[in-house]
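Visitor: I would like to look at one part of this protein up close, rather than rush through the whole thing. Please pick a spot and show me what surrounds it.

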Amino acid sequence: MNEQSYWQERYDENRTGWDLGKISEPLKEYFDQLTDKSVRILIPGAGNAYEAEYLWNKGFKNVFVLDIAATPLENLKKRIPDFPKEQLIAQDFFKHKDTYDLIIEQTFFCSFPPVKMNRTKYATKMAALLSERGKLVGVFFDIPLTDDVEKRPFGGSLREYRTYFQPYFNLHVFEPCHNSMADRMDQEIFAILQKKKPVSKQSNNPLHGITLKSMLEELILHQGWEKMADACRINCFYSNPTLKSSLTFLRKHDWAREKVEKYYLRVRNKM
Ligand SMILES: C[S@@+](CC[C@H](N)C(=O)[O-])C[C@H]1O[C@@H](n2cnc3c(N)ncnc32)[C@H](O)[C@@H]1O
């Protein structure tokens with residue numbers, strides 16, 4: 001089942017345990033201190049988008065709501081009939097292209113299978129959608145990550161999250177949340193992450209911040225040696241391949257490393 005059908009089915013079957021039925025307190029408190037009502041705000045994976053409704057009613061008119069499932073967008077339109085149609089975006093977040101000053105996170109990050117590749121892709125996409133010095137603000141779950149890949153929300157820790165965001169963002173606030181809703185108390189991190197100013201050509205490099213070792217680990221996990229060998233045609237992936245021997249080989253041979261990097265980017269772009 002593809003992502004779109006998966007999420008649509010969850011709405012069709014009313015399996016929306018994440019839905020608070022109202023704006024979450026940490027975001028409400030953050031919105032209440034915003035003064036510039038002209039900012040362009042994106043809420044991706046917005047679900048029923050109580051945050052958008054709150055902002056709209058407060059006079060923020062440049063609010064864009066994006067979700068891969070149609071139902072929650074229709075629900076918002078019913079609640080706010082004059083919400084502009086072009087600000088309701090039914091699309092895969094990773095295919096979306098535009099620029100925003102502020103992007104809001106809530107139970108979106110934790111909905112993707114918790115592998116490094118997805119989390120890195122999320123961080124780079126967020127940075128790509130933000131204007132210079134734009135901000136990603138919201139809450140992330142601070143709960144242990146289990147091996148159960150069916151069990152959302154997928155957790156993580158502050159230390160792990162830092163590794164994804166630090167290459168692209170200044171972490172102004174990234175700490176335990178003090179005003180979570182009762183059933184999420186002590187399980188959330190509040191984040192105000194500001195996009196870093198590009199300092200060099202490096203920051204445009206899609207592989208910036210990703211080590212050869214983590215690239216190989218991701219490929220081994222998701223593709224496996226056989227596919228890697230077929231795609232790259234490098235000897236060290238064929239006979240008794242190990243992470244250690246492949247790393248040693250690739251570190252010595254630039255041509256081979258380049259093949260693997262290109263393959264990694266192709267795989268990542270398909271996900
Ligand atoms: C766990 S729900 C959270 C909804 C909302 N943020 C909330 O807290 O109530 C995740 C939402 O992300 C949407 N979603 C999942 N993958 C997506 C993608 N690739 N692009 C856009 N939306 C996506 C789902 O349809 C769902 O509405």
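**A strand and its neighbours**

Guide: I41 stands opposite V63 in β2. It also stands opposite L102, a residue of β4. Before we follow those two links, please keep in mind that this is a predicted model, in which local features need pLDDT of at least 70 and side-chain atom pairs count only at pLDDT 80 or more, while totals for chains, interfaces and linings use all residues. Residue numbers start from 1 along each chain, as its sequence is written.

Our chosen part is β1, which covers residues 41-44. Helices and strands here are DSSP runs, numbered from the N terminus: a helix is H or I with at least four residues, and a strand is E with at least two. By that rule the protein has 10 helices and seven strands.

What lies beside β1? On the β2 side, four bridges join the two strands, and they run parallel. With β4, β1 also runs parallel, this time joined by two bridges. Two strands count as paired if DSSP finds at least two bridges between them.

Now look at the two faces of β1. I41 and I43 are buried on one side, and L42 and P44 are buried on the other, so both faces are covered. "Buried" has a precise sense: 20 or more other C-beta atoms, placed from the backbone, lie within 10 Å of the residue's own, while 12 or fewer makes it exposed and anything in between partly exposed. In the protein, buried residues make up 33% of the 271 residues. The neighbour β4 (100-106) is largely enclosed by the rest of the structure, because six of its seven residues are buried.

From β4 we can step on across the sheet. β4 and β5 pair in the parallel sense over six bridges, and Y100 has L130 as its bridge partner in β5. β5 (residues 130-141) then pairs with β7 (residues 188-195) in the antiparallel sense, over seven bridges. One of the links between them joins G138 to A191 in β7.

Put together, these strands belong to an open sheet of seven strands with mixed pairing, in the order β3-β2-β1-β4-β5-β7-β6. At the edges stand β3 (88-90) and β6 (169-176); each has a single partner strand, so one side of each is left without a neighbour in the sheet. From one strand to the next, the twist averages 15°.

Helices join the picture too. α4 packs on the sheet, where it touches β2 and β3, and its direction makes about 165° with that of β3. Such angles run from 0 to 180 degrees between N-to-C directions of lines fitted to C-alpha atoms, for helices over the stretch in contact. Further along the sheet, α6 (residues 158-165) lies across β5, β6 and β7, running at about 165° to β6.

Next, follow the chain beyond β1. The loop between β1 and α3 holds A49. Its phi is near 55°, a positive value in a residue other than glycine. Most residues other than glycine have a negative phi. A49 is buried, because 27 other C-beta atoms lie within 10 Å.

After that loop comes α3 (residues 50-57), whose buried residues are Y50, E51, A52, L55 and W56. What covers them? The cover includes β1 itself, along with α2 (25-32), β2 (63-67), α4 (70-79) and β4. Residues are in contact here if their C-beta atoms lie within 7 Å. Past the end of α3 you reach G59, whose phi is positive, near 105°.

Our last stop is the ligand. It is surrounded by 21 residues, and the closest are W7, G45, G47, I68 and F93. To count as near, a residue must have its C-beta atom within 6 Å. The elements that each supply at least two residues of this shell include α1 (3-12) and β2, the parallel partner of β1 that we met at the start.

How values were computed. Contact = placed C-beta atoms within 7 Å.
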